[in-house]
Amino acid sequence: MTQVKPAPGGRMLTVLRVHLPSEIPIVGCEITPYVLLRRPDGGVFTDDVSEAAPVDGYFMRYKWYRIQSDRRAAICSVHPTEQATLQCIGCLKSKIPVAKSYHCSAKCFSDAWQHHRVLHERAISALNENGTEDDELFGRFGSGSSSSGIISAALSGSTSNLSQSSGVNNGPTPVYPTGTEKSSGETWFEVGCSRTYTATADDIGHVLRFECIVVDVETRGTVRAPTSVMTSRVIPAPTPTPRRLIPVNAADAMGHFDLDSRTSSFGTFTVLSYNILADTYATSDTYSYCPTWALTWAYRRQNLLREIIGYHADIICLQEVQSNHFEEFFSPELDKHGYQALYKKRTTEVYTGSPQAIDGCATFFRRDRFSHVKKYEVEFNKAAQSLTDAIIPAAQKKLALTRLVKDNIALIAVLEAKFGNHGTENPSKRQLLCVANTHINIHHDLKDVKLWQIHTLLKGLEKIAVSADIPMLVCGDFNSTPGSTSHWLLARGKVDHLHPDLAIDPLGILRPLSKLTHQLPLVSAYSSFVSMAGVGYDLDHQRRRMDPATNEPLFTNCTRDFTGTIDYIFYTADSLTVESLLELLDEDGLRKDTALPSPEWSSDHIALLAEFRCKPRVRR
């Protein structure tokens, strides 16, 4: 038994408070408790006190325990904080991951059916492709439109029976088998001995206990009793239904590709664009419908990383990447997967928060597919200063800059492909590619500023196009819906002079309207779902998720306050063709009781991904 040393006069390191950032631990997500300490001199702080750097002869010792009994609960696949009472037998027969088969109630199962049935349809499709008869295997539910035909089983109210019926075993060999303790008939397995702990699959369904205690450096004895805090049951990381790559050319449109097993074919490459929702904006006040634990950065960063890595994109364009998260997380993590990183953070003339929390645009590319040639940074604040110096009277400059300076930026990368130029008339010529990644001003009442920013970016890209024969991609969050003047300029190269958006121009920065043009042959990649002549179930299904009036997705941003399209991947149609596109989500694919972000999808935007092929170039 460890000796507890009495405190000499009470002057020692003291634990004042311990609490968890989230009571619900999720597999794969770090948990770092908040520990408030008081020094012997009365000072209060939260820094760690290690044995290597004690404070006045004391240091902190930490332990994590998994509290385990003979009973282990299965978790609802829809509401991961609830214990399961129903299991879908059809999921088991079709070899769908067992975790997706559990539901907490009949109502839960019924409400989730539209989403859940997609799993069955895909399983049937996969089996049919492999020549397996589905009638015997799936019974009635294969073609049903409601959950009444599904084969389901009520699980016993006894968690011990549940464990047996579901095939969930009762736990692994303890990580630290010598550190077990027993209390009230439960076994506490020591699973960690540092302040931070990452829950594992072995912890699912179990409660964790964090314990901290002050230790005397000289005697190695503990001071006072340990301070501890308990978590809720550990839950698995919610996993959304994987999105597939849908071919859009006529030759391949009957099929689809599994992103997990697919790599870019020779001469093609894939581009991902995704606003990941910066942590500083992911607040419970803004997204009250999302569980608090699903908004924590510790959870979201792992969920976002899993999603991004799972797309296997050759080029990744991310928006709303905080500078500290780029340096400490995304850059090193994606480096492990073979990506080189470029970053441009927003300017700070308007921003008033922490310098580390300011967000920006990050572009990653696979080193084995591309090499970096040149980087351009566009700061719209600087362009605003030049514009006001040129056309705004001195008395109005301050007012003009207040309207124009919004800290938005763009990051432009020129890359060289490593997969060659075979099949062209000049195979020895370098295959370059220009990729622009931007996040345009969000304010709805500043339509003139949005249009001016986009026009400024396009004019910069035109200069690059003149200097080199180079395909171009323009990706990002443009905060502009289809049909707006900004979208018109991007997609049509000009604007309708009678468009009502043009009535908002108090500074005259859009005049004359004849200047609002560009010569880049830009086309929205996702319009290929409508414009291509291919046929097939998957392609037709995607077309129903498109707005026929604008040839754009029905939405790329989905919250309780707004649902619409503001994210795009544009490409130069004279030099690139679209081969396939990442399937779109529909509102039925999102849970009825939520919007984005959610436990499954950790941003309020959806990711867009397109596969391109370079067109053969005629020697000039």
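**A walk around the mixed sheet**

Start with the sheet: 6 strands make up an open sheet of mixed pairing, running 20-21-22-23-29-24. Keep in mind as you click around that this is a predicted model.

Go to the edges next. Select 370-379 for strand 20 and 522-524 for strand 24; each has a single partner strand, so one side of each is left without a neighbour in the sheet. Look along the sheet and you'll see it twist, by 20 degrees on average from one strand to the next.

Now pick out residues 432-439 and 472-477. These are strand 22 and strand 23, which pair in the parallel sense over 6 bridges. Show C434 as sticks, and opposite it in strand 23 you'll find M472.

Time for the helices. Select 380-391: helix 9 packs on the sheet, where it touches strand 20, strand 21 (409-417) and strand 22. The direction of helix 9 makes about 45 degrees with that of strand 20. Then bring up helix 11, which also packs on the sheet and touches strands 20, 21, 22, 23 and 24. Against strand 23, the direction of helix 11 comes out at about 160 degrees.

Stay with helix 11 (447-467) and add helix 12 (485-492): the two pack at an angle of about 20 degrees, their axes 8 Å apart. That angle makes helix 11 roughly parallel to helix 12, and the crossing is right-handed.

To see the contact itself, show K450, L451, I454, H455 and L458 on helix 11, plus T485, S486, L489 and L490 on helix 12. Colour the contact residues by character and you get 5 nonpolar, 3 polar and 1 charged.

Conventions
Residues are numbered from 1 along each chain as its sequence is written. This is a predicted model: local features need pLDDT of at least 70, side-chain atom pairs count only at pLDDT 80 or more; totals for chains, interfaces and linings use all residues. Side-chain values use heavy atoms; hydrogens and water are left out. Axes are lines fitted to C-alpha atoms, for helices over the stretch in contact, and angles run from 0 to 180 degrees between N-to-C directions. Helices (H or I, at least four residues) and strands (E, at least two) are DSSP runs, numbered from the N terminus. Angles under 35 degrees count as roughly parallel, over 145 as roughly antiparallel, 65 to 115 as roughly perpendicular and the rest as oblique. A crossing is left-handed if the near helix is turned anticlockwise from the far one by less than a right angle, and right-handed if clockwise. Contact means heavy atoms within 4.5 Å. Ala, Val, Leu, Ile, Met, Phe, Trp, Tyr, Cys and Pro count as nonpolar, Asp, Glu, Lys and Arg as charged, and the others, Gly among them, as polar. Two strands pair if DSSP finds at least two bridges between them.
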